[in-house]
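Me: I'd like to learn how to read a model like this one, feature by feature. Can we go through it together?

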Amino acid sequence: MADKWFLKQGPRQFELILLLVDIAVGSGSTLAQLRYYQFFQQKRGFVFASQAVLMHWLYYFYSGIAMGLGMMMHWQKQWRQCVSPRKPRFHRVLKRLIGVSDV
């Protein structure tokens, strides 16, 4: 039902919804890590803490890309197994090579 609602909306509205979701997730994640960032600010200063935040977000970004690529590779492998014909098993090939019938 939600899929049909997204399809009926224009691309601008869909992009706006994705942007709002990104802002909500980013804000929630930052608030969850706030004590962690405050620790850096107290120990090493504001510049170090801001660099730590940027590196932390870079980590989230490339981890998300790696997760997406891994899922795509898995789905591609599953799709290929469904589409391609089954490969003959080793024992069947061996029986054919030595001339033994399955009777």
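**Reading the model**

Reply: Sure, and let's begin with confidence, since this is a predicted model. The mean pLDDT of the protein is 81, with 72% of its residues at 70 or more.

Me: Where is the confidence lowest, and where is it highest?

Reply: A mean hides local swings, so look element by element, bearing in mind that pLDDT is the predictor's confidence in each residue. Here helix α1 (residues 2–8) has the lowest confidence, at a mean of 60, while α3 has the highest, at 93.

Me: How many helices and strands does the protein have?

Reply: There are five helices and zero strands. Read from the N terminus, the elements go α-α-α-α-α.

Me: What share of the residues is buried?

Reply: Buried means under 20% relative accessible area. Of the 103 residues in the protein, 7% are buried. The exposed surface comes to about 9,800 Å², and 67% of it is supplied by carbon and sulfur atoms.

Me: Is H56 buried or exposed?

Reply: Buried: H56 counts that way because its relative accessibility is 16%, under the 20% cut-off. H56 is found in helix α4. Its C-alpha atom is 9.9 Å from that of Q33, and the two residues are 23 apart along the chain.

Me: Now the rings. How many aromatic pairs are there?

Reply: Rings pair if their centres lie within 6.5 Å, and planes over 60 degrees apart count as edge-to-face. By that rule there are seven aromatic pairs. One of them joins Y36 and F40, edge-to-face, with 4.8 Å centre to centre and 65° between the planes.

Me: Why are Y36 and F40 separated by about one helical turn?

Reply: Because they are four residues apart in helix α3 (residues 34–44). The two partners differ in cover: Y36 is partly exposed at 40% relative accessibility, whereas F40 is buried at 16%.

Me: What about the pair Y59 and Y62?

Reply: Y59 and Y62 are also edge-to-face, at 5.7 Å centre to centre and 90° between the planes. Both sit in helix α4 (residues 46–83), three residues apart, about one turn of the helix. On accessibility, Y59 is partly exposed at 43%, and Y62 is partly exposed at 47%.

Me: Which residues do ring pairs link into a cluster?

Reply: Follow the pairs from ring to ring. Here they link Y36, Y37, F39, F40 and F48 into a cluster. The ring of F48 has a further partner: R44 lies over its face, 4.5 Å from the ring centre. As for F40, its C-alpha is 8.8 Å in space from that of S50, a residue 10 away in sequence.

Me: And which residues make the nonpolar surface patch?

Reply: A patch is built from residues with over 30% relative accessible area and no salt bridge, so buried side chains don't enter. The patch here covers about 1,200 Å² and is made by M55, L58, Y59, F61, Y62, I65, M67, L69, M71, M72 and W75. Among them, L58 lies in helix α4 and is partly exposed, at 42% relative accessibility. The ring pair of Y59 and Y62 belongs to this patch too.

Notes: Residues are numbered from 1 along each chain as its sequence is written. This is a predicted model: local features need pLDDT of at least 70, side-chain atom pairs count only at pLDDT 80 or more; totals for chains, interfaces and linings use all residues. Side-chain values use heavy atoms; hydrogens and water are left out. Rings of Phe, Tyr and Trp (its six-membered ring) pair if their centres lie within 6.5 Å; planes under 30 degrees apart count as stacked, over 60 as edge-to-face and the rest as tilted. Helices (H or I, at least four residues) and strands (E, at least two) are DSSP runs, numbered from the N terminus. Buried means under 20% relative accessible area, exposed over 50%, partly exposed in between (1.4 Å probe, protein chains only). A charge sits over a ring if NZ of Lys or CZ of Arg is within 6 Å of the ring centre and within 35 degrees of the ring normal. Accessible areas come from the Shrake-Rupley method with a 1.4 Å probe; for residues, only the protein chains shown count as cover. Patches are made of residues with over 30% relative accessible area and no salt bridge: like charges are joined within 9 Å, nonpolar side chains (Val, Leu, Ile, Met, Phe, Trp, Tyr) within 5 Å. A salt bridge is a side-chain nitrogen of Lys or Arg within 4 Å of a carboxyl oxygen of Asp or Glu. pLDDT is the predictor's confidence in each residue, from 0 to 100.
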